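Biologist: I would like a close look at the main nonpolar core of this protein and the parts around it. Could you walk me through it in one go?

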Amino acid sequence: MGSDNKHPRDDSSQTTTSTNRDMKFNLTLIGIFFVFIFLNFSTTSPSLQPSIRGAGTPKSPTAPAAQQMLDEISVLKTKIAALTSEKLDIFSQLAVESSTTSIPSTIPSTIPSTFPTPISTPIPTPIPTPIPEASTSTPPLTPPTPPKDTHTPSSPLISYNSAFPSDPSLVDFSCPLRDFDVVEKCQLKCSDATCSRAPEICSHFIECTAIIYEGAEGGDLSTQMFTLMHHVKVESDEEFTNSISKWVEKGVISFTPKPRTYVIISYGGSGSKMLSGWISDLSSQHVVKVRHMHDPNPPTEMHEFNRPIAETTHHQTDYRERHIPGGHFPSTTPAIPVENYDDFRYIYIFKEPVEGLVSRYGHGHCEHVGGDCGSMDAFPKLDQYSERGVDFFKISDFFLNWTTEDVKRQYPIICLNYHKLWDNLPRVVEALGLPEELVGSFPKRTETVRNDSTGAKEGNRAHTEETRDKLREMYKGVREKIIKIPAISVV
């Protein structure tokens with residue numbers, strides 16, 4: 001630009017030099033002034049004034065002394081002239097320097113249209129982080145409703161009939177401990193003013209996520225009723241898809257509806273008779289035959305089934321009363337070719353062992369599931385079995401064998417969690433390889449009442465809550481696994 005210097009200099013040094021020169025110049029002028037007065041005095045008097053040393057007549061200076069003084073004055077004049085000349089040179093130099101460093105009085109009329117490209121690499125422009133806009137909406141006056149799956153048997157939703165939540169996902173479920181005749185509902189009586197029984201019973205059922213009291217909040221509930229309810233939880237497709245994918249790639253399973261042989265496995269009291277009976281009633285375009293097995297050991301490959309003494313009966317309306325061929329898997333019959341495995345469905349259905357044993361307990365059943373049963377005469381009653389705390393039915397082993405992957409096994413097992421089945425019926429029907437329109441014909445859930453009242457009436461301590469508490473402790477590990485397993489999984 002016009003103000004840039006070709007030869008930069010230190011402005012502070014220049015200022016100091018100029019100040020020193022001004023001082024020298026001023027002192028020189030003062031000296032000249034005094035010499036000038038002295039010369040004027042000497043030229044107007046023919047002789048110097050006498051010195052005053054007291055009284056006496058003044059004496060005229062001698063000629064040599066006067067001449068010496070005049071010579072000294074002449075030398076002094078020469079020095080003053082030289083200093084004056086030097087000062088004038090200084091002023092002249094300052095004037096020249098001032099003319100070369102002054103800002104131009106005019107700006108060039110033309111500006112170059114292009115500029116040279118800078119050599120240095122340009123610094124990239126940082127991308128600013130977007131700042132979220134402040135919400136302008138008014139915050140809710142009441143806290144939001146927690147997600148439905150936050151309610152558990154140990155931390156249920158608590159409500160009263162006067163403030164019953166309007167939630168379509170909150171549904172009834174049947175339970176064996178109910179005190180009333182309505183099969184589809186789990187309704188019980190309170191036993192004290194605070195109905196302390198309600199949360200205790202709710203914690204026993206995997207399905208229970210809500211307690212609805214008949215009375216008003218804060219009132220005496222001792223004569224009131226409460227209902228245990230359940231929040232429907234539909235599971236995502238991702239987990240099922242991941243578990244079935246490897247079997248689909250092997251070509252041993254598909255979901256195209258076609259006639260199949262259905263093999264239902266359980267340790268008893270888990271809904272296997274219900275499932276077997278429903279499937280056996282379907283038409284021949286969906287079902288070839290049904291087998292109901294209690295074998296604790298999954299075979300590594302499929303074999304043909306032995307010819308049963310009698311085929312499935314269909315005249316009983318209660319599925320639990322039907323005869324469905326089963327037992328243990330054969331190992332000496334011809335092996336089924338792997339390419340035909342999709343003509344079969346191996347389905348393991350399981351339920352919490354406590355209610356399973358209360359529903360199905362005896363020496364014969366113990367032998368069916370492969371337990372260490374001993375003699376029939378020494379076989380204990382269920383309340384005695386619960387007091388011993390030893391799983392000689394081997395239900396825990398049965399459960400693990402059918403829900404654990406085995407690299408040697410050549411076919412998939414469809415695992416159905418009884419407690420979550422009715423929330424996910426469309427996926428259940430699909431996993432069974434049946435058409436979607438059959439969802440509506442799936443049996444409703446029902447439970448046979450077995451509680452303290454029936455135990456007292458029949459003299460059977462097996463039905464009591466005391467017996468159940470001891471069984472829950474024995475099978476706590478299996479219960480915890482069942483809570484985590486989805487409605488449908490494939491191993």
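Modeller: Happy to: here is a tour that starts with the whole chain, moves into the core and then goes out to its surroundings.

Please keep in mind that this is a predicted model. The protein chain has 13 helices and 11 strands, and of its 491 residues, 38% are buried. Taking the contacts in the chain with a separation of 6 or more, 76% are between residues 24 or more positions apart.

Now to the core you asked about. The largest nonpolar core has 74 residues, and Trp-278, Tyr-348 and Phe-393 have the most contacts inside it. Strand β9 provides the largest share of this core, with six residues.

Tyr-348 is a good place to stop, since its list of partners says a lot. Leaving aside residues up to four places away in sequence, Tyr-348 touches Ile-265, Ser-266 and Tyr-267, then Phe-398, Phe-399, Trp-402 and Thr-403, and finally Ile-413, Ile-414, Cys-415 and Leu-416.

Tyr-348 also belongs to an aromatic cluster. Ring pairs join Tyr-267, Phe-305, Phe-329, Tyr-341, Tyr-346, Tyr-348, Phe-350, Phe-398, Phe-399, Trp-402 and Tyr-411 into that cluster. The structure holds 24 aromatic pairs. One of them is formed by Phe-305 and Phe-329, a tilted pair with 6.2 Å from centre to centre and 45 degrees between the planes. Phe-305 sits in the loop between β7 (287-293) and β8 (326-327), while Phe-329 sits in the loop between β8 and β9 (344-350), so this pair ties together parts that are 24 residues apart in sequence. Both loop residues are covered: Phe-305 is buried, with a relative accessible area of 13%, and Phe-329 is buried too, at 12%.

Another member of the cluster, Tyr-411, has a charged neighbour. The charged end of Arg-409 sits over the Tyr-411 ring, 5.6 Å from the ring centre. Elsewhere, Lys-250 lies over the face of Trp-247, at 4.7 Å from the centre of that ring.

Trp-278 takes us to helix α5. Eight of the nine residues of α5 are buried, leaving the helix mostly covered. The buried residues are Ser-272, Met-274, Leu-275, Ser-276, Gly-277, Trp-278, Ile-279 and Ser-280. What do they pack against? Their neighbours are the strands β6 (260-265), β7, β9 and β10 (414-417), together with the helix α10 (425-431). Strand β9, which gives the core its largest share, is thus also among the packing partners of α5.

Helix α5 (272-280) also contributes to the lining of the largest pocket, and it gives two or more residues there, as do β7, β8 and α6 (353-359). The pocket has a volume of about 960 Å³. Its lining counts 45 residues, of which Ser-272, Lys-273, His-292, Arg-320 and Arg-360 are the closest to the pocket centre. Ser-272 therefore appears twice in this tour, as a buried residue of α5 and as one of the residues closest to the centre of the pocket.

Phe-393, the remaining core residue named at the start, is followed in sequence by Lys-394. Lys-394 has a positive phi near 60 degrees, although it is a residue other than glycine. Lys-394 is found in the loop between α8 (382-388) and α9 (395-403), and it is partly exposed, with a relative accessible area of 31%.

A second, separate core has 18 residues, including Cys-190, Cys-195, Ala-198 and Phe-205. Cys-195 lies in the loop between β3 (186-189) and α3 (197-204). Cys-195 is buried, with a relative accessible area of 0%, and its phi is positive, about 55 degrees, although it is not a glycine. Cys-190 has an outer neighbour to compare with: Asp-220 is 30 residues away in sequence and 10.0 Å away in space, C-alpha to C-alpha. Asp-220 lies in the loop between β4 (210-213) and β5 (225-231) and is exposed, with a relative accessible area of 51%.

Phe-205 of the second core leads to one last feature. The search of the whole structure finds three cavities of 30 Å³ or more, and the largest has a volume of about 50 Å³. Phe-205 lines this cavity along with Pro-176, Glu-207, Lys-351, Glu-352, Glu-355, His-419, Arg-445 and Glu-447.

Note on methods:
Residues are numbered from 1 along each chain as its sequence is written. This is a predicted model: local features need pLDDT of at least 70, side-chain atom pairs count only at pLDDT 80 or more; totals for chains, interfaces and linings use all residues. Side-chain values use heavy atoms; hydrogens and water are left out. Rings of Phe, Tyr and Trp (its six-membered ring) pair if their centres lie within 6.5 Å; planes under 30 degrees apart count as stacked, over 60 as edge-to-face and the rest as tilted. Helices (H or I, at least four residues) and strands (E, at least two) are DSSP runs, numbered from the N terminus. Buried means under 20% relative accessible area, exposed over 50%, partly exposed in between (1.4 Å probe, protein chains only). A charge sits over a ring if NZ of Lys or CZ of Arg is within 6 Å of the ring centre and within 35 degrees of the ring normal. A nonpolar core is a set of buried Ala, Val, Leu, Ile, Met, Phe, Trp, Tyr and Cys residues joined through side-chain atoms within 4.5 Å. Contact means heavy atoms within 4.5 Å. On a 1 Å grid over the protein atoms alone, a cavity is a set of points where a 1.4 Å probe fits but cannot get out, and a pocket is an open set with protein on both sides within 12 Å along at least five of seven lines; lining residues have an atom within 4 Å of a point. Grid points are joined across faces, edges and corners, and a volume is the space filled by probe spheres set on the points.
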